[in-house]
Amino acid sequence: MLAFIAALAMVLVPIGWHSWQYAYSFPQSPLPVAHETDSIVETIFTALQAPQSPRLMARIPLTGQYWPLDQRICFGRLRYLLLSRFREQRSDVTAFPYPWYLSGDLYLTPTGADRLIAVTKPPRKGGTGRTSLHDYVSAKRDVSRKYARKRLPSDPDAACKLLEDELIGWFKKLNDPSCKIPTRQQVSKHAAEIYQKRSAKD
């Protein structure tokens, strides 16, 4: 009996300590790091820290499912360790809300990855400081997938108007403060592209 209690304590004590060390000491807002920063990395972390930001995920080995991690893993002073190629160092940051070490890499959804790529793109040519405000690549892909098996109105004008509404709704649902909602005129050509590709398949 004593041996069982001792063995149980050897398991529970490290789990409790690890959970307290990481799960209950996460900051509620981003903290400054105590080392030299990188502009691109800071841009990525700023996007990950924003409301409705892309969520980093871990893969559960037993089920193969992807589980979203708490956003606050990007708030700590050690957040640069998330980029480490060493699993143990990444695990020290991603342990919340689990008391065991992360056993694999970090993942993003395709849409989340596209959003991070979009914010790190260099300024567009044609003007100082101009950057693309709208992620049309992701918007068109998601809307195209939605209507891959759904019927569009037979009238081309009605079909394009419906696709325009879907594209505008995609940006509204994104709820990104740094992304202005495009106008119908701005999305019209993208809606037409989706319609033309759909018509070519039909």
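**Reading a helix, its core and a small sheet**

Biologist: In this predicted model, which residues of helix α6 are buried?

Modeller: An α-helix has 3.6 residues a turn, so residues three or four places apart point the same way. In α6 the buried residues are Ala 159, Cys 160, Leu 163, Glu 164, Glu 166, Leu 167, Ile 168, Trp 170, Phe 171 and Leu 174.

Biologist: How many ångströms should the 19 residues of α6 span, and what is the distance between its end C-alpha atoms?

Modeller: At 1.5 Å a residue, helix α6, which runs over residues 156-174, should span 27 Å, and its end C-alpha atoms are 27 Å apart, so the two agree.

Biologist: Which residues of the largest nonpolar core touch the most other members?

Modeller: In soluble globular proteins, nonpolar side chains tend to be buried together. Here the largest nonpolar core has 17 residues, of which Val 143, Leu 152, Leu 163, Leu 167 and Tyr 195 touch the most other members. Helices α5 (136-146), α6 and α7 (184-201) each supply at least two residues of this core, and α6 gives the most, with eight residues. A second, separate core of 14 residues includes Val 33, Ile 73, Val 93 and Leu 116.

Biologist: What is Val 143 in contact with, leaving aside its neighbours within four places in sequence?

Modeller: With those neighbours set aside, Val 143 is in contact with Leu 163, Glu 166, Leu 167 and Ile 194.

Biologist: In what order do the three strands of the open sheet lie?

Modeller: The order is β2-β1-β3, with antiparallel pairing. Strands β2 (66-68) and β3 (106-107) stand at the edges with a single partner strand each, so one side of each is left without a neighbour in the sheet. Strand β1 (residues 57-59) pairs with β2 over three bridges, and Met 57 stands opposite Pro 68 in β2.

How values were computed
Residues are numbered from 1 along each chain as its sequence is written. This is a predicted model: local features need pLDDT of at least 70, side-chain atom pairs count only at pLDDT 80 or more; totals for chains, interfaces and linings use all residues. Side-chain values use heavy atoms; hydrogens and water are left out. Two strands pair if DSSP finds at least two bridges between them. Helices (H or I, at least four residues) and strands (E, at least two) are DSSP runs, numbered from the N terminus. The expected span of a helix is 1.5 Å times one less than its number of residues. Buried means under 20% relative accessible area, exposed over 50%, partly exposed in between (1.4 Å probe, protein chains only). A nonpolar core is a set of buried Ala, Val, Leu, Ile, Met, Phe, Trp, Tyr and Cys residues joined through side-chain atoms within 4.5 Å. Contact means heavy atoms within 4.5 Å.
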